[in-house]
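Me: Could you take a close look at the salt bridges in this protein for me, and then walk me through the surroundings? I'd love one connected answer.

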Amino acid sequence: MIVDRQGRRFRNLRISLTSACNYACTYCVPNGKRLVAAQDELSAEAMARGVAYLIEAAGIDRLRITGGEPLVSPKLETFMQAVGQMGLSDISLTTNGQLLARKLPLLVDAGIRRINVSLDTLDAAAFRGIARGATWPRSSMAWSRRVRRESRSRSIWCRCAGRTSTKSCPCWSIAWSAAMNCVLSS
């Protein structure tokens, strides 16, 4: 078990599945080149073994998967299938949402409880400027329709950072019909 000086136990693990990303945002890659996977990244199996070890040795019971953009990783399916069977109380994922519609069934089957869709702005022109041409409205609508179909009885949480009202959140229109809850942050 990992305990800090104040006696708090740490049970959460954040793991970056890949450094690759399908965007080339100005704050992340100033030279404009898309990030690719590092040649020395761990395999999905090695990462899953590491998570299993930390569950046993340190009492980890919550996992957050990040990247780069985890949905672009060829390791995603193997890793998700492995950690989905580890008995974690919570598995969450942070994504830019571009590939979410396509990957959602895999995520739901693996036991994802929360999805953090990270959008820099709701202004389409500003988003294109930040992400160097990427468009979020089309991708967010695609994943929102897919969530409506796939979530059935499961609750999937979506946090859209920086929103001041639920109506400015891209998941607002599906929040009530899809067992998807939008948590606003300041």
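**Salt bridges and their surroundings**

Reply: Happy to! One pair to begin with is D4 and R8, whose side chains form a salt bridge with N and O 2.5 Å apart. D4 counts as buried, because its relative accessibility is 18% and the cut-off for buried is under 20%. Please keep in mind that this is a predicted model, and that five salt bridges are counted in it.

Another of these joins R11 to D61, with 3.5 Å between the closest N and O atoms. R11 sits in the loop between β2 (9-10) and β3 (12-16), while D61 sits in the loop between α1 (44-58) and β4 (62-66), so this salt bridge ties together parts that lie 50 residues apart in sequence. Both ends have some access to the outside: R11 counts as partly exposed at 30% relative accessibility, and D61 counts as partly exposed at 21%.

Next comes R62, whose side chain meets that of D90 in a salt bridge, again 3.5 Å from N to O. This pair links distant parts of the chain, since R62 belongs to strand β4 and D90 to strand β5 (residues 90-95), 28 residues away. The two partners fall into separate classes of accessibility: R62 is partly exposed at 33%, whereas D90 is buried at 9%. There is a third member to add here, as salt bridges with shared partners join R62, D90 and R114 into one network.

D61 and R62 also lead us to L88, which has both of them among its contacts. L88 lies in the loop between α2 (76-83) and β5, and it is buried, with a relative accessible area of 13%. Beyond its neighbours within four places in sequence, L88 contacts I55, I60, L63 and V83 as well as D61 and R62. For L63 there is also a backbone distance: its C-alpha atom is 7.4 Å from that of L88, although 25 residues separate the two along the chain.

For a polar contact of another kind, turn to T18, in the loop between β3 and α1. T18 is buried, at 4% relative accessibility. Its side chain makes a polar contact of 3.1 Å with the side chain of E41. Leaving out residues up to four places away in sequence, T18 touches A37 and E41, the run T66, G67, G68, E69 and P70, and also V72 and S73.

G68, one of the residues touched by T18, takes us to the largest pocket, where G68 is among the lining residues nearest the centre, together with C21, Y27, N96 and S118. The pocket holds about 340 Å³ of space and has 19 lining residues. Ten of these are nonpolar, seven are polar and two are charged.

To finish, here is a helix to look at on your screen. In α3 (residues 100-109), the buried residues include L100, A101, L104, L106, L107 and V108. An α-helix has 3.6 residues a turn, so residues three or four places apart point the same way. After α3 comes G111, which has a positive phi, near 100 degrees.

Terms used
Residues are numbered from 1 along each chain as its sequence is written. This is a predicted model: local features need pLDDT of at least 70, side-chain atom pairs count only at pLDDT 80 or more; totals for chains, interfaces and linings use all residues. Side-chain values use heavy atoms; hydrogens and water are left out. On a 1 Å grid over the protein atoms alone, a cavity is a set of points where a 1.4 Å probe fits but cannot get out, and a pocket is an open set with protein on both sides within 12 Å along at least five of seven lines; lining residues have an atom within 4 Å of a point. Grid points are joined across faces, edges and corners, and a volume is the space filled by probe spheres set on the points. Ala, Val, Leu, Ile, Met, Phe, Trp, Tyr, Cys and Pro count as nonpolar, Asp, Glu, Lys and Arg as charged, and the others, Gly among them, as polar. A salt bridge is a side-chain nitrogen of Lys or Arg within 4 Å of a carboxyl oxygen of Asp or Glu. Buried means under 20% relative accessible area, exposed over 50%, partly exposed in between (1.4 Å probe, protein chains only). Helices (H or I, at least four residues) and strands (E, at least two) are DSSP runs, numbered from the N terminus. A polar contact is a pair of N or O atoms within 3.5 Å; within protein, one must be able to donate a hydrogen and the other to accept it, and residues adjacent in sequence count only if both atoms are side-chain atoms. Contact means heavy atoms within 4.5 Å.
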